[in-house]
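Take a look at the model below. This report walks through it piece by piece, from a small turn to the whole fold.

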Amino acid sequence: MINYIYPEYEIVRNYDKCINCRVCARQCANQVHDYVEKLSKMLCDDSKCVNCHRCVVLCPTRALKIVPSGNTYRTNANWSCKTIDELYKQSESGGVLLSGMGNPEDYPVYFDKILLNASQVTNPSIDPLREPMETKVSLGARPHGTGCVERDSQGRIVNNLPPQLSLSMPVMFSAMSYGSISYNAHKSLARAATELGILYNTGEGGLHEDFCQYGKNTVVQVASGRFGVHVGYLNSGAAVEIKMGQGAKPGIGGHLPGTKIVGDISRTRMIPEGSDAISPAPHHDIYSIEDLRQLVYSLKEATEYKKPVIVKIAAVHNISAIASGIARSGADIIAIDGFRGGTGAAPTRIRDNVGIPIELALASVDRRLRDEGIRTNVSLVVGGSIRSSVDVIKAVALGADCVYIATSALIAMGCHLCRSCHSGKCNWGIATQIPELVKRLNSDIGSERLVNLMNAWRHEIKEMMGLMGINSIESLKGNRLMLRGVGLNEKELEILGIKHAGE
Ligand code: SF4
Ligand code: SF4
Ligand code: SF4
C-alpha cells in the first residue's frame, strides 16, 4: 500500500564536514544512513528516522543535525498535521496507534505554576551543603499517636513499628521490568540504588538471579500476570509492590510482546519463550478493597511481616476515595502514578487522554487521608514526570513522603526521548534486547551517571531546604505554606491547598 505520510524529521548532513566514516550508519539500528559507493557519499532515508539523536551525538565531525521536516498540509484549525498523519497511519496499518514513554501533550504542568518560599528576616541557612540538612526519609505505616514505651525483659525498648524502608533521600527508581529495559539498564539502576542508599524496582518481570545481591535496595513487584513471583522472590527485596495500575495506561494492563520474551527474560518471568507477557488490568483475585486486603496480607504472611507492602495505582478521578480504601487495606505505602508517567509501550489514545495530573492527585489524597485521620497509616510515593530536584521539593511540600522517577533516570542513562521503545530497537541500549544494542549501555557508566544525577539533586534539595529555613525533609512534608501558585484559578488552588502568590 502506498505510504501517504511525509517523514516527520529531516536529516541535514553537512557534506563539507562529513568524512564518510560511516559511524552514523553503524550506530543507527533503523538503517537510515547508507554509503553509496557510486556517489562516494552518505545518503539517508528520512522516513525511518525516529529522532533518537544517536548519530548526531556520535558523529565525530558534528556533520549531522535533525530538524522537523516542515511538512505542512493546508492550514486547518480542526485537522492538524498530526491528526491527519495518524489517520493515514491507521488506514494503512488497521491497528491501534502505539507509543513509548509518557504523555507529550500540552496539558498544564502544575509544578511549573508553583513557586517556593524563601526566608528573609528569619534565618535561612548560611551554608546548606555543610550544615546538617536531613534528606533521609523512612517509608511505612506509623503509630497514630504517642504511647508508653514498652521494654523487654532486659529493659530494652521494644520496637513495635511496622517494617520501614530507609532512604538517603526522598527519591526511588520506579518500576521498569527486565524485558522492557535491557539487562545493562536494569543493572545500572540496581547498582546506583545500592550506592545511593535508595531503592529501585523490578517492575513486573521478576528478578534475574544476578540482581539478588542488590536485594536490600530492591522493591519486588507483583502484577496481575504474577511473572516470576514465588516466595523466594518476595523475600529477596526490601519491599513488595502490588501493581494495580500505572499512569501511562490506567485501566489497561501491561503487554510485552513475545518477540521480547527470549532467553533469560523468559526464564526470569517463568513463561515460555515467544509467548506474549500480558498482565491484564484487573488482578484475577481482586475486585474490591476487601480482596486487595487479602492480597496485602497474603504477601505479608509470605514475608513474615518483615517487608512493607506498597500498592501502586494510577492517578484517576476519585483517586482520594480509592487511596482512602487502600490506606485501610493494611498496605504500608501507596504509590500514585500521574498521567505523564512513562512506559515502554501504550496505546497512544489512552496514554494521551486518560488519568489526571499527579500534582492534583497528590494534594487531594494527602488532604483526604489527613481529614480522615489515617494519613499515618501509609506513606505516599508519587511519580509521573518528576523532572528535577525542584519537582521533588514541591511534591514533598504537597504531601508526598518520597517520589518515584523513571523517565529522568532513563535520560540520565542516555535516553533521548524518541518515544519508540515499543519498536525494541533502542539505539541507546536501554529499551531493547538486541545483544549488539544492549552492549551500547555500559552498566559502569549507566550507574555512575545515575549516581551523579541523584547527588546533584541532593545538593539542590539541600540548598532549597536551606533557603526556606528548613533543615529536614520531614519538616517540609505537606508544608504547603512554603508554596504559592501563579496563574492558577480558584478551583486549582483549592485542590492543591495552596495560596496564590501575593497572598
Ligand atoms: S558519522 Fe558524521 S562524518 Fe561519519 S559518515 Fe556520518 S555524517 Fe559523515
Ligand atoms: S533514528 Fe537515531 S540514529 Fe537513526 S538516523 Fe535517526 S537520529 Fe540518527
Ligand atoms: S528508551 Fe530508547 S527507545 Fe525509548 S525513548 Fe529512550 S532512547 Fe527512545
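Which residue in β3 is the bridge partner of V36? It is K41. Keep in mind that this is a predicted model.

**A hairpin**

V36 belongs to strand β2, residues 33-36. K41 belongs to strand β3, residues 41-44. The two strands run antiparallel and are joined by 4 bridges. Together β2 and β3 form a hairpin, with 4 residues between them. Look at S40 in the turn: its phi is positive, about 55°.

**A small sheet**

Now move to an open sheet of 3 strands. Its order is β6-β20-β21, and the pairing is mixed. The edge strands are β6 (114-116) and β21 (499-500), and each pairs on one side only. Strand β20 covers residues 483-485. β6 and β20 pair in the antiparallel sense, over 3 bridges. Within that pair, I114 stands opposite G485 in β20.

**Three ligand shells**

The model has residues around ligands 1, 2 and 3. The table lists each shell.

| Ligand | Residues around it | Closest residues | Classes in the shell |
|---|---|---|---|
| Ligand 1 | 14 residues | C18, C21, V23, C24, C59 | 10 nonpolar, 2 polar, 2 charged |
| Ligand 2 | 15 residues | C28, V32, C49, C52, C55 | 9 nonpolar, 5 polar, 1 charged |
| Ligand 3 | 15 residues | C415, C418, C421, C426, A431 | 11 nonpolar, 3 polar, 1 charged |

Which helix gives the most to the shell around ligand 2? That is helix α2, residues 54-58, with 3 residues.

**A residue in a loop**

Next, find A345. It sits in the loop between β16 (333-337) and β17 (346-347). Is A345 buried or exposed? A345 counts as buried, because it has 23 C-beta neighbours inside 10 Å. The cut-off for a buried residue is 20 or more.

Leave aside the neighbours of A345 within four places in sequence. A345 is then in contact with L98, G100, H255, C421 and H422. One of these, C421, is also among the residues that come nearest to ligand 3. P124 makes another reference point. It is 221 residues from A345 along the chain, and their C-alpha atoms are separated by 45 Å.

**The core**

The largest nonpolar core has 138 residues. Those that touch the most other members are I334, I336, L362, V381 and V403. Helix α14, residues 443-468, gives the most to this core, with 8 residues. Where does the core lie with respect to the two domains? It lies between them, because domain 1 and domain 2 both give residues to it. There is a wider pattern here. In soluble globular proteins, nonpolar side chains tend to be buried together.

Look at I336 more closely. Beyond its neighbours within four places in sequence, I336 is in contact with I313, A315, I319, I358, A361, L362, V365, L380 and V382. L362 is itself one of the core residues that touch the most other members.

**Two domains**

The protein is divided into domain 1 (9-95) and domain 2 (116-145 + 161-500). How far apart are the C-alpha centres of domain 1 and domain 2? They lie 34 Å apart. Contacts link the two: 9 residues of domain 1 are in contact with 7 residues of domain 2. The side of domain 1 that touches domain 2 has 4 nonpolar, 4 polar and 1 charged residues.

Definitions and conventions. Residues numbered from 1 in each chain as written. Chains lettered and ligands numbered in written order. Predicted model: local features only at pLDDT ≥ 70, side-chain atom pairs only at ≥ 80, totals over all residues. Near = placed C-beta within 6 Å. Nonpolar A, V, L, I, M, F, W, Y, C, P; charged D, E, K, R; others polar. Pairing = 2+ DSSP bridges. Buried ≥ 20, exposed ≤ 12 C-beta atoms within 10 Å, placed from the backbone. Core = buried A, V, L, I, M, F, W, Y, C linked by C-beta atoms within 7 Å. Domains from an automatic or database assignment.
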